[in-house]
Amino acid sequence: MTNLLKRRTFLKGIGTTMALPLLEIMQPEQGLVSAAAGAGKPPVRTAFVFFPNGVIGPSWMPQAAGKGYELPKSLKPLANMKSDINVISGLAQINARALGDGAGDHARCASVYLTSEHPTKTSGADIKAGISVDQVAAQQVGHQTRLPSLELGLVRGRNAGQCDSGYSCAYSSNISWRTPSTPTSKEIVPKLAFERLFGGGAEAEKQRARHLKNRKSILDLVKNDADQLKKQLGKNDQRKIDEYFSSVREIELRIERSADQEKIKPPEMKLPDGIPSELQEHIRLMYDLLVLAFQTDTTRIATFMVGNAGSNRTYPMVGVNSGHHELSHHRNDEKKIADIQKIDEYLVSQFGYFLNRLKSTPDGTSNLLDNSMICYGSAIGDGNRHSHHDLPIILAGKGGGTIKTGFHHKVATETPLSNLFVSMLDRMGAPVDSFGDSTGRLTVIDT
């Protein structure tokens, strides 16, 4: 009879350690299963995705509540995922408001999004925000995986100097905070994020780097171990391994192609080394890396900033050549409103790509999306007014069967977004009595 493998089985090679997805042959380990999922079930993964500058509300917020709502224009890219998501309107981040501090709504938007704490207005070293919800979870359950948490983004930003009306750039550039004074730095280069997932220490990195100079795949480095493993597997597990290896190799090739393309760009482009020149390739690579991180159980907690606070990126791929932040102050100009709506819809379409990848990835008897909670949103509702209520929030995934999906929930005005975070922490196996300005739990999502 075939021996069961431990859940935390790794393939090893020269200078690398490669985690495996959940296979039928694996023995569930009680200590590595989230409290919400229960023994023998896949753990619950959680990601928080942030986008800047708010949205055009009438095109983003559904009109009707309940299960029979119609997706508005900006959410149309999620049509095939409607039964897997909840749109939640009415939530607020009150601590993102001025509260006597004057201008700086964009910096507060990012720093408050996951902390629900009002930041100290400073451009010096005395920054103070709050511990973010992802790090509260990482402190409690992060030890169960190789990486306690994973922080990704598309633009580095700065942690020094002022970026928004006297607020430190640290507030604009980060949504994850390990302590009130320590933001958790995000990775924006796909190759470096890949290395973080599959690396193995300083000396090992040097050895593996020598092999990778010859364009060897990480799969070549673990080939001997993989060949031995596959001899033990049934047909279903062999298929899962083949699909997983194909996904890893595809990402490697895309990273290589991006690096090659970067080398031939004219010097006046001044693009950061290792970052794809095309936004869609960059954002999808990062989403794909998140899928790999969850599939291999390398981490169960992640954040992703698709733009720093106040981002003024242009979106020529959808015909928008003016800056995002500049357009958000539209003053009811119909052309600017239409351009912002195009940006909203484009970013939602990329989020939809991520959700589809999660749903198409098997996980136990279901899929990664069913066993995840993905919060997509911002702490600015209307960028023109800098409002911090009626926030655009989507909660995707069933949280291991603990969340009912397919609804538009209209909650009471001024309901703290932190109420949702408290409910999510419960499902992550990291329960707290309260978080930030929470007033309870968001029970509308409960099954």
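This passage describes the overall make-up of a predicted model, its cysteines, one helix pair, a buried helix and several individual residues.

The protein chain contains 13 helices and 17 strands. Of its 447 residues, 56% are buried. Among contacts in the protein chain with a separation of 6 or more, 70% are between residues 24 or more positions apart.

One disulfide was counted in the model. The bond links cysteine 163 with cysteine 169, with an S to S distance of 1.9 Å. This distance falls within the 2.5 Å cut-off, and the pair therefore counts as a disulfide. The angle about the S-S bond is 90 degrees, and the link between cysteine 163 and cysteine 169 is right-handed. The two partners fall into separate accessibility classes: cysteine 163 is partly exposed, at 39% relative accessibility, whereas cysteine 169 has a relative accessible area of 0% and is buried. Two further cysteines were examined for accessibility. Cysteine 109 is buried at 2% relative accessibility, and cysteine 375 is buried with a relative accessible area of 0%.

Two packed helices are described by the angle between their axes and the distance between the axes. For helix α10 (residues 279-295) and helix α12 (residues 334-359), the angle is about 30 degrees and the axes lie 10 Å apart. Angles under 35 degrees count as roughly parallel, so α10 and α12 are placed in that class. Their crossing is right-handed. On the α10 side, the contact is formed by Leu279, Gln280, Ile283, Arg284, Tyr287, Asp288, Leu290, Val291 and Phe294. These residues meet Tyr346, Gln350, Phe351, Tyr353, Phe354, Arg357 and Leu358 of α12. By residue type, the contact of α10 with α12 comprises 11 nonpolar, two polar and three charged residues.

Helix α13 spans residues 417-427 and is mostly covered, with 10 of its 11 residues buried. The buried residues of α13 include the nonpolar Leu417, Leu420, Phe421, Val422, Met424 and Leu425. Ser418, Asn419, Ser423 and Arg427 of α13 are also buried. Glycine 429 follows α13 and has a positive phi, near 75 degrees.

Leucine 417 of α13 is also one member of a pair that is distant in sequence. Its partner is tyrosine 113, which is located in helix α2. Tyrosine 113 has a relative accessible area of 0% and is buried. The C-alpha atoms of tyrosine 113 and leucine 417 are 8.5 Å apart in space, although the two residues are 304 residues apart in sequence.

A second such pair involves lysine 82 and histidine 408, which are 326 residues apart in sequence and 9.9 Å apart in space, C-alpha to C-alpha. Lysine 82 is in the loop between α1 and β6 (85-92). At 23% relative accessibility, lysine 82 is partly exposed. Apart from neighbours within four places in sequence, lysine 82 contacts Lys67, Gly68, Tyr69, Glu70, Leu71 and Gly406.

Most residues other than glycine have a negative phi, and most peptide bonds are trans. Asparagine 53 has a positive phi, near 75 degrees, and is not a glycine. The residue is situated in the loop between β5 (45-50) and α1 (57-60). With 2% relative accessibility, asparagine 53 is buried. Serine 116 likewise is not a glycine and has a positive phi, of about 55 degrees. Serine 116 lies in the loop between α2 (105-113) and α3 (133-141). Its relative accessibility is 0%, and serine 116 is classed as buried.

Asparagine 53 is also among the contacts of serine 328. Serine 328 belongs to helix α11 (residues 324-328) and is buried, at 3% relative accessibility. When neighbours within four places in sequence are set aside, serine 328 contacts Ile340, Gly383 and Asn384 as well as Asn53.

Terms used: Residues are numbered from 1 along each chain as its sequence is written. This is a predicted model: local features need pLDDT of at least 70, side-chain atom pairs count only at pLDDT 80 or more; totals for chains, interfaces and linings use all residues. Side-chain values use heavy atoms; hydrogens and water are left out. Buried means under 20% relative accessible area, exposed over 50%, partly exposed in between (1.4 Å probe, protein chains only). Axes are lines fitted to C-alpha atoms, for helices over the stretch in contact, and angles run from 0 to 180 degrees between N-to-C directions. Helices (H or I, at least four residues) and strands (E, at least two) are DSSP runs, numbered from the N terminus. Angles under 35 degrees count as roughly parallel, over 145 as roughly antiparallel, 65 to 115 as roughly perpendicular and the rest as oblique. A crossing is left-handed if the near helix is turned anticlockwise from the far one by less than a right angle, and right-handed if clockwise. Contact means heavy atoms within 4.5 Å.
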